[in-house]
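Let's take a walk through a protein model together, one stop at a time. Keep the picture beside you and look up each residue as it comes.

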Amino acid sequence: MFSIGTRFNDRITGKIEEFAAHAKVIHIDIEAASISRNIVVDVPIVADAKNAICVLLEKAKPLAVSEWTAEIRQWKEKYPLAMQKDGLTPKRIIETVNRLFDDAVITTDVGQNQLWTTQFLALDEKKQLLTSGGLGTMGYGFPAAIGAKLGNPQKSVIAISGDGGMQMNIQEMATAVVYELPIIICVFNNGYLGNVRQWQEMFYHRHYSGTCMALPQELRDRL
């Protein structure tokens, strides 16, 4: 496995002990401290990514990969990404974005909305994605959309966010209004900090803390 300029954050690895357990890992990063920080790698290379890739291209020999890519296509057909629930699901929403917008910039916030978007969004030379990757910068999506619209006024711009991330920079709505920016905002409102709650389920034995954004029922009863 070649890893170039990534820190193997939890959005990439999931459970670290199960990640690429049988792979040899080559990690290229300009910052030595980032190598083997989360995943112990087999071949560490401290270098600028562009320089390292250019050297690799000079030395690498062409590989016959048709059988490998065919096998990957079979896996995709056998195990497709899917949401089996009825009704309005994130998958259906993002597939609608795919269908309705040919020339667009899509931005995401951080969390489950980000993961769903990167899984189901169809990208090409006219449809572009802005996301903060594994940096965990909640609130990124809406300001990124403002910047994208200012830089690409001719394009449709869609900001996809969760209800938690939208809270973080909702004040930038004033910026969008001042500059009269027609941005489409899509908020996946599930009443939770969804990705954090998912991590609490996966890694912390459902010890939930600070992830429910709905008013508790006992408080509702008092109103």
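Our walk starts at Trp-68, which is partly exposed at 47% relative accessibility; that label covers the range between buried (under 20% relative accessible area) and exposed (over 50%), computed with a 1.4 Å probe on protein chains only. Trp-75 is also partly exposed, with a relative accessible area of 40%.

Before going further, a word on where this comes from: this is a predicted model, in which local features need pLDDT of at least 70 and side-chain atom pairs count only at pLDDT 80 or more, while totals for chains, interfaces and linings use all residues. Residues are numbered from 1 along each chain as its sequence is written, and side-chain values use heavy atoms, with hydrogens and water left out.

How confident is the predictor? Its score, pLDDT, is given for each residue and runs from 0 to 100. The protein chain averages 90, and 96% of the residues score at least 70. Confidence is highest in strand β4 (residues 104-108), with a mean of 98, and lowest in helix α10 (residues 217-222), with a mean of 65. Helices (H or I, at least four residues) and strands (E, at least two) are DSSP runs, numbered from the N terminus. Where pLDDT is low, the predicted coordinates should not be read in detail.

Now for the rings. Rings of Phe, Tyr and Trp (its six-membered ring) pair if their centres lie within 6.5 Å; planes under 30 degrees apart count as stacked, over 60 as edge-to-face and the rest as tilted. By this rule there are 4 aromatic pairs. One of them joins Phe-8 and Phe-19 edge-to-face, at 5.7 Å centre to centre with 65° between the planes. Phe-8 lies in the loop between β1 (2-4) and α1 (10-13), and Phe-19 in the loop between α1 and β2 (26-29), so this pair ties together parts that are 11 residues apart in sequence. Phe-8 counts as buried at 4% relative accessibility, and Phe-19 counts as buried at 16%. Our two starting residues, Trp-68 and Trp-75, form an edge-to-face pair as well, at 5.6 Å centre to centre and 90° between the planes.

Look once more at the backbone of Phe-8: its phi is positive, about 55°, although it is not a glycine. Ala-20, also not a glycine, has a positive phi of about 45°. Most residues other than glycine have a negative phi.

Let's move inside. A nonpolar core is a set of buried Ala, Val, Leu, Ile, Met, Phe, Trp, Tyr and Cys residues joined through side-chain atoms within 4.5 Å. The largest one has 12 residues, including Ile-94, Phe-101, Trp-116 and Phe-188. At least two residues of this core come from each of α4 (90-100), β4, α5, β6 (156-162) and β7 (184-188). Apart from it lies another core, of 11 residues, among them Phe-142 and Met-166. In soluble globular proteins, nonpolar side chains tend to be buried together.

Our last stop is Thr-117, found in helix α5 (residues 112-120). Thr-117 is buried, with a relative accessible area of 0%. Leaving aside neighbours within four places in sequence, Thr-117 is in contact (heavy atoms within 4.5 Å) with Ile-94, Ile-106, Thr-108, Leu-129 and Ile-160.

Conventions. pLDDT is the predictor's confidence in each residue, from 0 to 100.
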